[in-house]
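Welcome to a short tour of a structure that may be new to you. Take a look around it first, and then read on for a guide to its parts.

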Amino acid sequence: MKNDSARLSEPVVMGIETSCDETGVGIVRGTELLADAVASSVDEHARFGGVVPEVASRAHLEAMVPTVQRALDDADLTLADLDGIAVTAGPGLAGALMVGVGAAKAYSIATGVPLYGVNHLSAHIAVDTLENGPIPEPAIGLLVSGGHSSIMMVEDLAGKVTQLGASIDDAAGEAFDKVARLLGLPFPGGPYIDRAAKEGDRAYVRFPRGLTAAKDMERHRYDFSFSGLKTAVARWIEARRAEGEDVPVNDVAAAFQEAVCDVLTRKAILAAKEHGVDTILLGGGVAANSRLRTLAAERAEEAGITLRHPRPKLCTDNGAMVAALGSHLVAAGVAPSRIDFPANSSMDIEVVSLADRL
Amino acid sequence: MRVLALDTSTSAVQAALVDLDDDELFLTSFRREIDGRGHVEKLAPFIEGCLADAGKTAGDVEAVVAGIGPGPFTGLRVGMVTAAAFADGAGIPVYGVCSLDGIGGNTRGRALAATDARRKEIYWAVYEDGVREGEPQVSKPAELPEWVSGSGGADYAIGEGASRYAEQLSVPAETVPVYPDLVKLVELAAPRLLSGAPSEQLTPLYLRRPDAQPAAPRD
Ligand SMILES: [Zn+2]
């Protein structure tokens with residue numbers, strides 16, 4: 001246990017996140033979470049079956065300052081107490097990112113607090129420090145969300161993150177959304193499939209595991225593919241309906257979810273073993289999935305690997321994860337970002353922060 | 001009173017420090033660049049540049065005035081969120097002014113102020129000796145209502161939307177693009193600034209509903 005004075009000397013950082021449909025503002029001190037304010041526009045997107053960028057951007061602008069105020073109130077701090085402001089610079093929806101980046105820059109100029117433009121994906125990894133403390137390095141990150149499915153090698157969270165593999169088509173979260181639609185479940189699909197699957201039979205039907213055949217394992221050892229799985233589910237449902245039979249929603253949800261979780265965990269464990277790494281960090285919105293957590297835990301234990309993940313609320317997009325990464329960067333002595341950095345909708349997964357870029 | 005003025009409702013990224021004393025306005029420092037895609041990169045450095053040119057710090061600014069459009073949404077929002085966050089960060093009030101008034105407010109006679117709304121449309125309003133008549137509109141330049149384009153309508157058109165679509169407008173258009181004048185925006189907000197009116201929640205003049213097209217991947 002650290003003493004109080006050591007704790008107080010740890011950096012207090014505010015994180016701003018607007019890459020998709022959540023306006024998130026989090027505040028941390030070191031690895032201690034002080035506030036996690038989120039305003040979501042998810043309900044406004046539900047009827048469109050996906051996030052509408054312009055609707056999200058409008059909601060970000062409206063929610064930005066009030067969410068910052070709410071986070072400061074929750075943390076019982078003022079802007080003058082901050083040692084850093086971190087903001088998601090990318091990847092994400094361009095117009096949505098710009099609201100957060102614009103706000104962060106303005107807060108930084110108005111207060112003189114140093115600014116850090118950071119990578120949303122590294123932030124998904126960093127958020128685990130808020131619950132489980134500093135990350136042992138190296139670690140393997142399994143990042144699964146609506147936009148990304150990647151296996152990352154985290155040698156140094158402050159600057160050296162490399163991608164070992166990623167989805168070559170749909171992200172896992174996207175597949176959840178699409179299959180949910182096929183099954184008549186609402187958007188976003190992840191939580192609904194998870195719930196339905198709990199009542200279903202995982203072995204009801206065996207859906208394909210993408211990129212696991214021997215020759216694929218040579219070329220795409222740590223890569224994923226979920227578009228074939230989605231098509232297989234669609235065909236199966238179609239065939240069933242053509243025979244005039246009901247589709248067992250819970251069973252299909254369970255079998256689909258099993259196929260996704262099987263491949264994700266199998267490849268992450270393989271990556272850890274083959275790189276001699278004994279820690280796997282699970283992050284991203286899909287990391288809230290209960291089956292993914294259970295299966296990953298079982299397989300990690302068998303392999304003698306430590307599995308870490310934060311609680312579900314911290315897995316989905318939020319400002320706390322950005323603050324967590326910012327705090328890590330400040331503590332590591334990484335230089336702040338220049339004030340003219342862009343919002344980069346396709347920011348490279350291996351760029352942790354724009355701190356060292358001129 | 002030292003005022004930070006911002007407008008990103010057009011392809012001009014603009015920031016200025018304007019001194020307001022009773023009814024005297026003085027432009028202390030000013031940055032502008034025509035870059036319709038550069039708002040998020042350029043605006044913040046421009047604010048820093050304006051402060052540096054004036055030998056001032058953020059703590060010397062007493063209020064913020066922002067153009068609230070109409071304008072292409074993404075760029076417009078950058079200026080507005082910057083204004084709102086700067087004001088919040090500095091603990092000072094922020095006030096919104098219709099960006100078209102920064103063009104039309106400087107005109108004499110009957111003028112059509114128009115900015116580029118993209119998608120081959122313009123945002124516009126008609127001004128009589130600098131005073132706006134009615135709410136801003138969006139439409140195709142060739143489809144302005146009769147009261148604007150017909151006899152008794154506007155004598156001339158001004159603004160980026162006017163110069164760009166001069167050939168389609170039935171009103172004679174100035175060929176040099178004119179952008180919202182930040183000093184004018186501050187002047188229009190002067191009654192609120194001088195009376196210490198409460199800070200405002202800035203809401204853009206969107207004039208269009210969002211395209212309801214979901215994005216492909218989520219993050
Ligand atoms: Zn995310």
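A residue is called buried here when its relative accessible area is under 20%. With that in hand, keep in mind that this is a predicted model.

**A helix to start with**

Let us begin in chain B, with helix H1(B), which covers residues 39–53. Its 15 residues reach 20 Å from the first C-alpha to the last, close to the 21 Å expected at 1.5 Å a residue. Which residues of H1(B) are buried? They are His39(B), Val40(B), Leu43(B), Ala44(B), Phe46(B), Ile47(B), Gly49(B), Cys50(B) and Leu51(B). Within chain B, these buried residues pack against strands E1 (2–7), E2 (12–21) and E3 (24–34) and against helix H2 (73–90). They also pack against helix H4 (94–111) of chain A. After H1(B) comes Gly55(B), with a positive phi near 65°.

**The two chains as wholes**

Now step back to the whole of chain B, which has six helices and nine strands. Its radius of gyration is 17 Å, close to the 17 Å that the globule rule gives for 219 residues, so chain B is as compact as a globular protein of that length.

Chain A has 14 helices and 10 strands. Here the radius of gyration is 20 Å, close to the 21 Å from the globule rule for 358 residues, so chain A is as compact as a globular protein of that length.

The table sets out some further values for the chains.

| Property | Chain | Value |
|---|---|---|
| C-alpha extent along principal axes | Chain A | about 65 × 45 × 35 Å |
| C-alpha extent along principal axes | Chain B | roughly 50 × 50 × 30 Å |
| Buried residues | Chain A | 61% of 358 residues |
| Buried residues | Chain B | 56% of 219 residues |
| Exposed area | Chain A | about 13,300 Å² |
| Exposed area | Chain B | about 9,000 Å² |

Carbon and sulfur atoms supply 48% of the exposed area in chain A, and 48% in chain B. How do contacts reach along the sequence? Among contacts in chain A between residues at least 6 apart in sequence, 73% join residues at least 24 apart. For chain B, the matching share is 61%.

Charges add another view of the chains. In chain A, the mean positions of the 33 positive and 48 negative charges are 4 Å apart. In chain B, the mean positions of the 20 positive and 32 negative charges are 8 Å apart.

**Inside chain A**

Helix H7(A), residues 172–182, has eight of its 11 residues buried, so it is largely enclosed by the rest of the structure. Among the buried residues are Ala172(A), Gly173(A), Phe176(A) and Val179(A). The buried residues of H7(A) pack against strands E6 (139–144) and E7 (149–156) and helices H8 (189–198), H10 (227–242) and H11 (249–274) of chain A. Gly184(A) follows H7(A) and has a positive phi, near 75°.

Next, find Val118(A) in strand E5 (residues 115–119) of chain A. Is Val118(A) buried or exposed? Val118(A) is buried, with a relative accessible area of 0%. Leaving aside neighbours within four places in sequence, the contacts of Val118(A) include Ala86(A), Val87(A), Val322(A), Leu325(A) and Met347(A).

Leu77(A) sits in the loop between helix H3 (53–75) and strand E4 (84–90) of chain A. Although in a loop, Leu77(A) is buried, with a relative accessible area of 15%. Beyond its neighbours within four places in sequence, Leu77(A) is in contact with Val12(A), Ile27(A), Arg29(A), Leu34(A) and Leu72(A).

**Details of the backbone**

Two cis peptide bonds deserve a look. One joins Glu137(A) and Pro138(A), with omega about 5°, and Pro138(A) lies in the loop between helix H6 (129–132) and E6 of chain A. Another runs from Gly69(B) to Pro70(B), with omega near 5°, and Pro70(B) is in the loop between strand E4 (63–67) and H2 of chain B.

Finally, Asp129(B) is not a glycine, yet has a positive phi of about 50°. Asp129(B) lies in the loop between strands E7 (122–128) and E8 (131–139) of chain B, and is partly exposed at 44% relative accessible area. Leu207(B), another residue other than glycine, has a positive phi near 65°. Leu207(B) is in the segment after helix H6 (182–195) of chain B, and is partly exposed, with a relative accessible area of 36%.

How values were computed
Residues numbered from 1 in each chain as written. Chains lettered and ligands numbered in written order. Predicted model: local features only at pLDDT ≥ 70, side-chain atom pairs only at ≥ 80, totals over all residues. Heavy atoms only, no water. Helix = DSSP H or I, 4+ residues; strand = E, 2+ residues; numbered from the N terminus. Rg over C-alpha atoms; globule rule 2.2 N^0.38 Å. Buried < 20%, exposed > 50% of the residue type's maximum accessible area, 1.4 Å probe, protein only. Contact = heavy atoms within 4.5 Å. Areas by Shrake-Rupley, 256 points an atom, 1.4 Å probe, with all protein chains shown as cover. Lys, Arg positive; Asp, Glu negative; His and termini not counted. Charge placed at Lys NZ, Arg CZ, Asp CG, Glu CD. Expected span 1.5 Å × (residues − 1).
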